[in-house]
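Please look through the structure below with attention to its helices, its surface and its charged side chains. The paragraphs that follow take these topics in turn.

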Amino acid sequence: MKNGKVLVGVLAGLTAGALLGILFAPDSGANTRKKIAKKSDDLAKGLKKKVNEAVRTAEDKVNGLVKEAQK
């Protein structure tokens with residue numbers, strides 16, 4: 001549980017930093033919106049990957065516990 005909270009905090013910090021960096025960079029509005037959309041998509045894909053890994057890890061642990069309980 002503790003690792004999950006740390007991961008969420010780190011991802012939130014990275015997201016906020018990336019968005020602030022993009023917003024304060026001198027560029028046109030259209031380019032800035034494209035950058036924000038791309039960065040958001042990249043971060044969403046990364047988060048989805050991490051969640052899937054966490055789910056697989058939890059499933060493996062549960063399956064291991066079930067096998068131990070059956071013995």
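Helices are here DSSP runs of H or I with at least four residues, numbered from the N terminus. The model is a predicted one, and in it helix α1 covers residues 2-24, with Leu14 among its members.

Leu14 is a useful place to begin on the surface, for together with Val6 and Val10 it makes a nonpolar surface patch of about 270 Å². The relative accessible area of Leu14 is 51%, and Leu14 is therefore classed as exposed, since that class begins over 50%. Leu19 also has its place in helix α1, but Leu19, at 27% relative accessibility, counts as partly exposed. From Leu19 one can also look across to Lys35: the two residues are 16 apart along the chain, and their C-alpha atoms are separated by 9.0 Å.

The charged side chains come next. Side chains of opposite charge can pair when their charged atoms come close. A search of the whole structure for salt bridges finds 3 of them, and each can be followed in turn.

In one of these, Asp42 is joined to Lys38, with 3.2 Å between the closest N and O atoms. Both residues belong to helix α2, which spans residues 29-70, and they stand 4 residues apart, about one turn of the helix. As for their accessibility, Asp42 is partly exposed at 35% relative accessibility, while Lys38 is exposed, its relative accessible area being 53%.

Another salt bridge links Asp41 with Lys45, where the closest N and O atoms are 3.4 Å apart. This pair, too, lies in helix α2, with a spacing of 4 residues, or about one turn of the helix. Asp41 is partly exposed, with a relative accessibility of 37%, whereas Lys45, at 54%, counts as exposed.

What remains is the salt bridge in which the side chains of Glu68 and Lys71 meet, at a distance of 3.8 Å from N to O; this value falls within the 4 Å limit that the assignment of a salt bridge requires. Glu68 has a relative accessibility of 54% and so counts as exposed, and Lys71 is likewise exposed, with a relative accessible area of 79%.

Note on methods. Residues are numbered from 1 along each chain as its sequence is written. This is a predicted model: local features need pLDDT of at least 70, side-chain atom pairs count only at pLDDT 80 or more; totals for chains, interfaces and linings use all residues. Side-chain values use heavy atoms; hydrogens and water are left out. Patches are made of residues with over 30% relative accessible area and no salt bridge: like charges are joined within 9 Å, nonpolar side chains (Val, Leu, Ile, Met, Phe, Trp, Tyr) within 5 Å. Accessible areas come from the Shrake-Rupley method with a 1.4 Å probe; for residues, only the protein chains shown count as cover. Helices (H or I, at least four residues) and strands (E, at least two) are DSSP runs, numbered from the N terminus. Buried means under 20% relative accessible area, exposed over 50%, partly exposed in between (1.4 Å probe, protein chains only).
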